[in-house]
Each structure stands twice: as structure tokens, then as C-alpha cells.
Amino acid sequence: MSSFENPNPPVPPQPAPPVPPQMPPSVPDYMIWAILETVLCCLPCGIMGLVYANKANTQAAMGNLAEALQAAKSAKTWLIVGIVGWALVIFLYLAFIALAIGLAVANGDL
């Protein structure tokens with residue numbers, strides 16, 4: 001053996017670690033909010049929210065991301081409309097009650 005030889009054998013290159021697969025962006029799920037709005041707030045807007053939330057989940061499962069995002073956006077819009085409409089109805093109801101009490105007190109009925 002000569003003094004110029006390497007006593008250690010060459011180390012083979014290590015393979016690169018595997019890259020995890022990229023997950024597609026998730027579609028927001030408004031199903032729970034739609035159910036709560038249907039039960040607690042505004043039935044028509046809640047039903048529309050349920051329809052669009054279900055459509056968003058179905059389209060996402062089929063891989064149609066653009067349509068799923070559009071349906072999720074529509075579900076969110078219906079949910080916001082329902083909550084704002086419910087708050088407006090409650091506000092008007094309370095204003096009417098306050099007005100009725102105020103008129104009753106002014107007329108001496110109370």
C-alpha cells in the first residue's frame with residue numbers, strides 16, 4: 001500500500017429527503033354557522049347558507065377548488081345577511097316597545 005492511497009472507501013452520496021406532497025388550500029367550512037343561523041336566527045338565510053356550504057363541501061371533495069371557494073363565499077354572504085337582518089329586526093322590535101312604553105307613560109296610561 002502506498003502512502004498516497006486513501007484508507008477509507010468513498011462514501012456514496014445520500015439521497016435527498018422526500019418532499020411532502022403539497023396539500024391544496026382548504027375551503028372554509030360554514031356548515032356549523034349555517035346550522036346555527038337556521039336554528040337561532042333567520043330561517044330563509046340560514047337555509048341558503050346551508051345550501052351553499054354543502055355545495056362548497058361537495059365541490060371541494062370533487063377537486064373543483066374555484067367553484068368550492070365561490071360557493072363558500074356565497075354561504076358566508078348569506079350568513080352575514082341573515083345575522084344583520086336578525087339584528088335589525090331585534091333593534092326595530094325593541095325600539096317599537098320603547099316607543100309604546102313612552103307613549104303610554106306620556107298619556108298617563110301607566
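Hi everyone, let's start out on helix 3: at 56% relative accessibility, F91 counts as exposed, where exposed means over 50% relative accessible area, buried under 20% and partly exposed in between, with a 1.4 Å probe and protein chains only. F91 has its place in helix 3, and helices here are DSSP runs of H or I with at least four residues, while strands are E runs of at least two, numbered from the N terminus.

A quick word on what we are looking at. This is a predicted model, where local features need pLDDT of at least 70 and side-chain atom pairs count only at pLDDT 80 or more, while totals for chains, interfaces and linings use all residues. Residues are numbered from 1 along each chain as its sequence is written, and side-chain values use heavy atoms, with hydrogens and water left out.

Back to F91 for a moment. Its C-alpha atom is separated from that of Q59 by 38 Å, with the two positions 32 residues apart along the chain count. Q59 itself lies in helix 2, and at 11% relative accessibility Q59 counts as buried. What does Q59 touch, leaving aside its neighbours within four places in sequence? Q59 is in contact with N64, E67 and A68, contact meaning heavy atoms within 4.5 Å.

That brings us to how helix 2 and helix 3 pack. Their axes come within 8 Å and cross at roughly 165°; axes are lines fitted to C-alpha atoms, for helices over the stretch in contact, and angles run from 0 to 180 degrees between N-to-C directions. That makes helix 2 roughly antiparallel to helix 3, given that angles over 145 degrees count as roughly antiparallel, under 35 as roughly parallel, 65 to 115 as roughly perpendicular and the rest as oblique. On the helix 2 side, the contact is made by C45, M48, G49, Y52, A53, K55, A56, Q59 and A60. Helix 3 contributes E67, A68, A71, A72, S74, A75, W78, L79, V81 and G82. By class, the residues of this contact of helix 2 with helix 3 divide into 13 nonpolar, four polar and two charged. For the classes, Ala, Val, Leu, Ile, Met, Phe, Trp, Tyr, Cys and Pro are nonpolar, Asp, Glu, Lys and Arg are charged, and the others, Gly among them, are polar. As for handedness, helix 2 passes helix 3 in a left-handed crossing, which is one where the near helix is turned anticlockwise from the far one by less than a right angle, with clockwise giving right-handed.

Now to helix 1. Which residues of helix 1, residues 31-40, are buried? They are M31, A34, E37 and T38. Seen down the axis of helix 1, its buried residues fall within an arc of 125°, so they line one face of the helix; the arc is that of the directions from the helix axis to the C-beta atoms. On the other side of helix 1, I32, W33, V39 and L40 are exposed. The cover over the buried residues of helix 1 includes helix 2 (43-62) and helix 3 (65-107).

Let's take those two partners in turn. Helix 1 and helix 2 pack at an angle of about 160°, with their axes 8 Å apart. The two are therefore roughly antiparallel to each other, and helix 1 passes helix 2 in a left-handed crossing. From helix 1, the contact uses M31, A34, I35, E37 and T38, and from helix 2 it uses L43, C45, G46, I47, G49, L50, A53, N54 and N57. These residues of the contact of helix 1 with helix 2 divide into eight nonpolar, five polar and one charged.

One residue to click on there is G46, found in helix 2. G46 is buried, with a relative accessible area of 0%. Not counting residues up to four places away in sequence, G46 touches A34, E37 and T38. G46 and I80 are 34 residues apart in sequence and 9.8 Å apart in space, C-alpha to C-alpha.

With helix 3, the axis of helix 1 comes within 10 Å and crosses at roughly 30°. That makes helix 1 roughly parallel to helix 3. Here W33, A34, E37 and L40 in helix 1 meet W78, L79, G82, I83 and W86 in helix 3. The residues of this contact of helix 1 with helix 3 divide into seven nonpolar, one polar and one charged.

Last stop: P13, which lies in the segment before helix 1. Buried or exposed? At 76% relative accessibility, P13 counts as exposed. The C-alpha atoms of P13 and A106 are separated by 93 Å, and the two are 93 residues apart along the chain. Thanks, everyone!
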